[in-house]
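Welcome, and please keep your viewer open beside this page. We will go from stop to stop, with something to select at each one.

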Amino acid sequence: MVASTAFIVIAKKPLGNLVRQDFGPYLVATGATFGVMLSRVIKHWER
């Protein structure tokens, strides 16, 4: 958790302007990534 938070804080500055310019594709990409990762976690739990 600490590592992922640190990554977000560090990446916030250079990615901030990019995210503001292209918010739609960013939202789609993060939503798709979240969905894929969540499905992988659920499949792992079902074992």
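**Stop one: a leucine to start from**

Select L27 and show its surface: its relative accessibility is 47%, so L27 counts as partly exposed, since that label covers values between the 20% and 50% cut-offs. Keep in mind as you look around that this is a predicted model. Now colour the helix that holds L27: this is α2, which covers residues 23-45. For a sense of scale, add K43 to your selection and draw a distance between the two C-alpha atoms. L27 and K43 are 16 residues apart along the chain, and their C-alpha atoms are separated by 24 Å.

**Stop two: the annotated span**

Next, select residues 23-42. An unreviewed UniProt entry gives this stretch the feature "transmembrane region". In the model, residues 23-42 are 100% helix and 0% strand, and the C-alpha atoms at the two ends of the span lie 28 Å apart.

**Stop three: the largest pocket**

Which residues line the largest pocket? Select F7, I8, A11, K12, L15, L18, V19, D22, Y26, T30, T33 and F34, and you have its lining on screen. Two elements, α1 (2-21) and α2, each give two or more residues to this lining. The biggest share is from α1, with seven residues. Try colouring the lining by residue type: eight of its residues are nonpolar, two are polar and two are charged. The volume of this pocket is about 350 Å³.

**Stop four: the whole chain**

Finally, clear the selection and zoom out. How many helices and strands does the protein have? In cartoon view, look for two helices and zero strands. Along its principal axes, the C-alpha trace spans about 40 × 25 × 5 Å. Switch on the surface for the last view: the accessible area comes to about 4600 Å², and carbon and sulfur atoms account for 72% of that. Of the protein's 47 residues, 6% count as buried.

Technical notes:
Residues are numbered from 1 along each chain as its sequence is written. This is a predicted model: local features need pLDDT of at least 70, side-chain atom pairs count only at pLDDT 80 or more; totals for chains, interfaces and linings use all residues. Side-chain values use heavy atoms; hydrogens and water are left out. Helices (H or I, at least four residues) and strands (E, at least two) are DSSP runs, numbered from the N terminus. Buried means under 20% relative accessible area, exposed over 50%, partly exposed in between (1.4 Å probe, protein chains only). UniProt positions are given in the numbering used here, feature names are shortened, and annotations may be inferred rather than shown by experiment. On a 1 Å grid over the protein atoms alone, a cavity is a set of points where a 1.4 Å probe fits but cannot get out, and a pocket is an open set with protein on both sides within 12 Å along at least five of seven lines; lining residues have an atom within 4 Å of a point. Grid points are joined across faces, edges and corners, and a volume is the space filled by probe spheres set on the points. Ala, Val, Leu, Ile, Met, Phe, Trp, Tyr, Cys and Pro count as nonpolar, Asp, Glu, Lys and Arg as charged, and the others, Gly among them, as polar. Accessible areas come from the Shrake-Rupley method with a 1.4 Å probe; for residues, only the protein chains shown count as cover.
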